[in-house]
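Biologist: I'd like to learn how to read a protein model. Could you walk me through a few features?

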Amino acid sequence: MSYPKTRLRRLRYNKAIRDLVDDTNLSTTDLIYPIFVCEGKNIKKEIKSMPGQYQLSIDNVLKTCDELVSKNINSIILFGIPSKKDEEGLVAIDNNGIVQRAIKEIKKKNKNILVIVDVCNCQYTTHGHCGTIKDGDVDNDSTLKNLGSQALSLVNAGADVIAPSDMMDGRVKYIRDILDKSNYHKIPIFSYSIKYASSFYGPFRNATDISTNFTDRKTYQMSFKSSNEALREAEMDIKEGVDVIIIKPALSYLDILYKIKSKYNIPVIAYNVSGEYSMLKAASEKKWIKSKETIIEILTSMKRAGANAIITYHALEVSDYLN
Ligand SMILES: [Zn+2]
């Protein structure tokens with residue numbers, strides 16, 4: 001049947017009909033809020049490049065968790081900002097480190113909030129790379145050891161989910177083996193299986209005080225000109241026992257998200273990264289776009305492309321407009 005008998009606009013004249021036939025829904029339970037935890041007390045330091053986002057001391061992290069739960073956002077991903085860094089990022093393995101302490105306090109107060117923890121070395125190394133440097137580059141296999149110890153220490157502290165973001169080969173298997181040997185077979189691994197070397201991470205480095213001495217991370221993060229390699233990365237991690245795949249960044253990579261979701265029967269999370277957040281904030285500060293409507297459109301597009309959930313700095317500000 002074609003026009004004039006068929007008129008697709010018939011389903012658009014009435015809001016109730018539009019709501020009935022929509023096939024993508026965005027809810028607060030789809031959102032994961034990133035939190036940057038730092039040393040000290042009563043610290044709430046705004047991140048210059050990410051207006052509305054803060055470095056928080058543990059007491060303020062607890063307040064933020066209460067606020068999140070009151071808005072029906074029940075998952076966070078934690079990033080640590082240690083007061084000291086070292087050449088290999090060993091400070092991340094300290095059982096009394098900033099993230100470990102934060103997890104313990106959160107769990108004491110808010111047992112039901114899901115605490116996902118980013119596992120990587122870049123926040124903890126003086127050079128800002130994601131692993132141990134040998135011969136002028138990040139050495140894959142010695143970095144695995146650090147990641148394994150870091151993951152175990154975080155789970156010992158009470159982390160619910162481990163999210164390795166380093167892009168070393170073999171890390172899912174390495175971490176899985178360590179967790180299983182320690183009787184943590186119930187702890188899932190959400191791996192950043194597909195992480196592109198992207199300029200969209202710029203404001204995040206400002207947030208986590210990451211050193212910018214290095215040129216780039218192109219020897220371990222993926223080239224944004226590559227599409228099929230994402231399939232190999234996903235396949236490798238699935239074989240190694242990953243539970244959920246994280247794709248980072250999200251907005252310029254919806255094609256990759258769609259491809260992974262169509263090919264593999266595995267949950268996928270999109271990371272709506274700092275650069276995506278800051279561009280939107282800058283444009284809305286200038287009143288060039290309507291902030292709330294644009295955020296919801298962007299996050300819904302990630303769901304439409306296949307994301308089961310989204311890590312986003314916008315979680316709190318849009319929560320009142322979602323189910
Ligand atoms: Zn890293």
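Modeller: Sure! Let's begin with a definition: a residue is buried under 20% relative accessible area, exposed over 50%, and partly exposed in between. Keep in mind that this is a predicted model.

Biologist: Then is Asn72 buried, exposed or partly exposed?

Modeller: Its relative accessible area is 36%, so Asn72 is partly exposed. You'll find Asn72 in the loop between α2 and β4. Its phi is positive, near 65°, and Asn72 isn't a glycine.

Biologist: And what about Met167, is that buried or exposed?

Modeller: Met167 has 5% relative accessibility, so it counts as buried. Met167 sits in the loop between β8 and α5, and its phi is positive too, about 70°, though it is not a glycine.

Biologist: Now helices. Which residues of α7 are buried?

Modeller: The general idea comes first: an α-helix has 3.6 residues a turn, so residues three or four places apart point the same way. In α7, the buried ones are Ala230, Leu231, Glu233, Ala234, Asp237 and Glu240. What covers them includes α5, β9, β10 and α8.

Biologist: How far apart are the end C-alpha atoms of α7?

Modeller: They are 17 Å apart, and because 12 residues at 1.5 Å a residue should span 16 Å, that agrees. Just after α7, Gly241 takes a positive phi of about 100°.

Biologist: Last one: which residues does a cis peptide bond join?

Modeller: One such bond joins Tyr3 and Pro4, with omega about 10°; Pro4 is in the segment before α1. The bond from Lys248 to Pro249 is cis as well, with omega near -10°, and Pro249 lies in the loop between β10 and α8.

Definitions and conventions:
Residues numbered from 1 in each chain as written. Predicted model: local features only at pLDDT ≥ 70, side-chain atom pairs only at ≥ 80, totals over all residues. Heavy atoms only, no water. Helix = DSSP H or I, 4+ residues; strand = E, 2+ residues; numbered from the N terminus. Expected span 1.5 Å × (residues − 1). Buried < 20%, exposed > 50% of the residue type's maximum accessible area, 1.4 Å probe, protein only. Contact = heavy atoms within 4.5 Å.
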